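This report describes selected local features of one structure. The sequence and the model are shown first.

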Amino acid sequence: MTTPSPGGTAVPADSSRSATFRVWRGDAQGGKLVDYTTTVTTGMVVLDAIHQIQADQANDLAVRWNCKAGKCGSCSAEVNGNPRLMCMTRLSDLPLEKPVTVEPMRSFPSIRDLVTDVSWNFRVKTQIEKFTPRAPDAPDGTWRMDQADVDRVQEFRKCIECFLCQDVCHVLRDHHLHEEFIGPRFLVHVAALEMHPLDTADRVAELKQAHGIGYCNITKCCTRVCPEHITITDNAIIPLKERVVDEFYDPLGRVVRLFSRSEK
Ligand code: SF4
Ligand code: SF4
Ligand code: FES
């Protein structure tokens with residue numbers, strides 16, 4: 001009996017083998033890839049191998065993790081060049097005949113080894129206009145909402161803030177426009193607020209002017225790497241872009257909207 005391994009090396013059940021991990025070691029001043037060979041067994045994920053290397057060969061190897069269940073978003077890294085959660089990347093899905101590279105996310109400054117400084121993301125979040133609910137619909141302080149409107153934003157609330165989408169977005173990764181573009185994760189956040197059936201704030205002007213939505217050219221790289229399978233581009237970014245176009249480049253639509261604000 002073997003463990004299924006789409007695209008990878010079958011690992012026989014209840015057996016072990018050795019594998020080499022090429023891990024980036026260094027800090028903000030620079031670093032290099034270092035090879036570690038360790039024993040791997042059925043069912044292991046990349047984070048298990050990194051922990052084993054840390055325990056047996058490199059006690060000072062820095063790695064951030066918390067839940068080991070794909071829910072805290074802490075263990076983001078680049079495995080064989082692909083942005084992945086280390087705790088959700090099975091070794092049975094990787095080709096173990098050659099070294100598995102494990103590197104930190106490249107869109108954020110290095111702290112040490114696999115740990116990057118993602119604090120920019122939390123500063124960005126504070127700049128987005130907060131949820132502003134309308135007055136309650138009933139005397140008991142409750143609201144009434146259509147289920148379809150609730151369902152539309154539910155997808156966006158699955159975000160675990162792993163920042164893998166930020167890591168892969170070329171506007172941040174290659175062009176370093178962190179001061180001008182909030183990135184896909186926060187466009188999802190704006191969509192969750194802007195499409196919320198109770199929200200009354202208008203974030204369309206800031207989407208264009210402060211949040212840089214125009215930099216997104218809809219390559220969909222962010223959608224492809226999201227571990228929560230949020231349809232970032234089609235369901236969040238494109239509808240927000242349409243709102244910006246309606247507001248700034250469609251004068252007739254603007255007049256119509258003035259008379260139909262309540263449809264938000
Ligand atoms: S679709 Fe837009 S936000 Fe997503 S990776 Fe491409 S440029 Fe970045
Ligand atoms: S949208 Fe997806 S990829 Fe981006 S931070 Fe949230 S969970 Fe991670
Ligand atoms: S350790 Fe929490 S998502 Fe990987």
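Helices (H or I, at least four residues) and strands (E, at least two) are DSSP runs, numbered from the N terminus. The model is predicted, so that local features need pLDDT of at least 70 and side-chain atom pairs count only at pLDDT 80 or more, while totals for chains, interfaces and linings use all residues. Residues are numbered from 1 along each chain as its sequence is written, ligands are numbered from 1 in the order in which they are written, and side-chain values use heavy atoms, with hydrogens and water left out.

Two loop residues that are not glycine have a positive phi, Asp 113 and Glu 161. The table gives their values; buried means under 20% relative accessible area, exposed over 50%, and partly exposed in between (1.4 Å probe, protein chains only).

| Residue | Phi | Loop between | Relative accessibility |
|---|---|---|---|
| Asp 113 | about 50 degrees | strand S8 (110-112) and strand S9 (115-116) | 2%, buried |
| Glu 161 | near 55 degrees | helix H3 (147-154) and helix H4 (164-168) | 18%, buried |

Asn 121, in helix H2 (residues 119-126), is buried at a relative accessible area of 0%. Leaving aside residues up to four places away in sequence, Asn 121 touches Phe 108, Phe 163, Gln 166 and Phe 186, where contact means heavy atoms within 4.5 Å.

The residues around ligand 1 include Cys 169, His 170, Cys 216, Lys 220, Cys 221 and Cys 222; a residue counts as near if one of its heavy atoms lies within 4 Å. Helix H8 (221-225) and helix H9 (232-249) each contribute at least two residues to this shell.
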